[in-house]
Amino acid sequence: MRGLQRFEQRLEQVVSGAFARAFRSAVQPVEISAALQREIDNNAQILSRDRRLVPNDFRVELSDADLERLAPYDNAMARDLAVQLQDHADAQGYVFPGPIHIAFESAPDLTTGRFRIRSRAQASVTGEERHTRSRNPRAVLEINGTRHPLLPPAVVVGRGTESDIRINDPGVSRRHVQFEVSDRGDAGYGLAVRDLGSTNGMLVDGHKVGRAPVTDGTVVRVGNTELTVRLLETERG
């Protein structure tokens with residue numbers, strides 16, 4: 001509770017009391033902070049004896065009236081909430097799969113003074129330079145809002161630096177899966193995904209397999225992350 005009190009006092013100092021007046025008889029910042037901490041407590045997944053994975057992407061849903069009151073302070077409040085949440089995670093031994101992101105949204109079914117939090121674990125994703133700079137790929141992988149080309153002969157996805165596409169997900173092995181790409185021009189184009197002996201395996205459209213062909217819309221799940229295959233219409237020279 002001392003941490004929450006310090007957080008509330010800091011917010012009041014930042015806005016010189018205006019924030020507290022705006023939120024009188026409505027949602028209080030300290031309530032949102034406490035709810036965010038409960039959210040990660042309730043959704044912690046055990047990685048090891050001392051480490052637990054928790055969500056890092058949050059949507060705080062508010063009534064229209066509360067959202068309007070919040071608007072002048074939402075960016076500053078989101079930053080302070082993220083700092084408070086990081087402090088709580090450090091104390092509890094929690095691990096975020098990527099940067100903390102907090103956004104505020106309207107929910108028509110909520111009345112003034114009530115709010116709801118939705119969360120998910122969203123790993124940060126980076127691509128190896130030659131794949132990132134390539135032009136006119138025939139297929140891409142969509143991962144957490146990013147797109148990465150699938151180029152022949154193969155693209156390795158994993159957590160380690162030796163992978164072509166790196167996902168900061170503790171449930172992903174250093175070299176987790178490999179997408180095999182066969183592009184023979186007019187003779188044909190094919191895609192398949194193969195598990196590389198990962199610890200947790202992979203799911204292809206909900207089924208645990210060692211290797212499978214993939215096409216447009218196929219979803220491959222590794223750890224807590226979904227990889228969606230998208231075929232693109234490209235002009236052939």
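**Talking through a predicted model**

Mentor: Welcome! The protein chain in this predicted model exposes about 12800 Å², and carbon and sulfur atoms supply 44% of that area. Of its 237 residues, 43% count as buried.

Trainee: Why is Asn-144 called partly exposed?

Mentor: Its relative accessibility is 26%. Buried means under 20% and exposed means over 50%, with partly exposed in between, so Asn-144 counts as partly exposed.

Trainee: And what makes Asp-205 partly exposed?

Mentor: The relative accessible area of Asp-205 is 46%. Exposed would mean over 50% and buried under 20%, so Asp-205 is partly exposed too.

Trainee: What is notable about the phi of Asn-144?

Mentor: Phi of Asn-144 is near 50°, a positive value in a residue other than glycine. Asp-205 also has a phi near 50°, again positive in a residue that is not glycine. Most residues other than glycine have a negative phi.

Trainee: Where do these two residues lie?

Mentor: Asn-144 lies in the loop between β8 (139–143) and β9, while Asp-205 is in the loop between β14 (203–204) and β15 (207–208).

Trainee: Which residues does a cis peptide bond join?

Mentor: Pro-152 and Pro-153, with omega about 5°. Most peptide bonds are trans. Pro-153 lies in the loop between β9 (146–149) and β10 (154–158).

Trainee: How many helices and strands are in the protein chain?

Mentor: There are six helices and 18 strands. Among contacts between residues at least 6 apart in sequence, 60% join residues at least 24 apart.

Definitions and conventions:
Residues are numbered from 1 along each chain as its sequence is written. This is a predicted model: local features need pLDDT of at least 70, side-chain atom pairs count only at pLDDT 80 or more; totals for chains, interfaces and linings use all residues. Side-chain values use heavy atoms; hydrogens and water are left out. Helices (H or I, at least four residues) and strands (E, at least two) are DSSP runs, numbered from the N terminus. Buried means under 20% relative accessible area, exposed over 50%, partly exposed in between (1.4 Å probe, protein chains only). Contact means heavy atoms within 4.5 Å. Accessible areas come from the Shrake-Rupley method with a 1.4 Å probe; for residues, only the protein chains shown count as cover.
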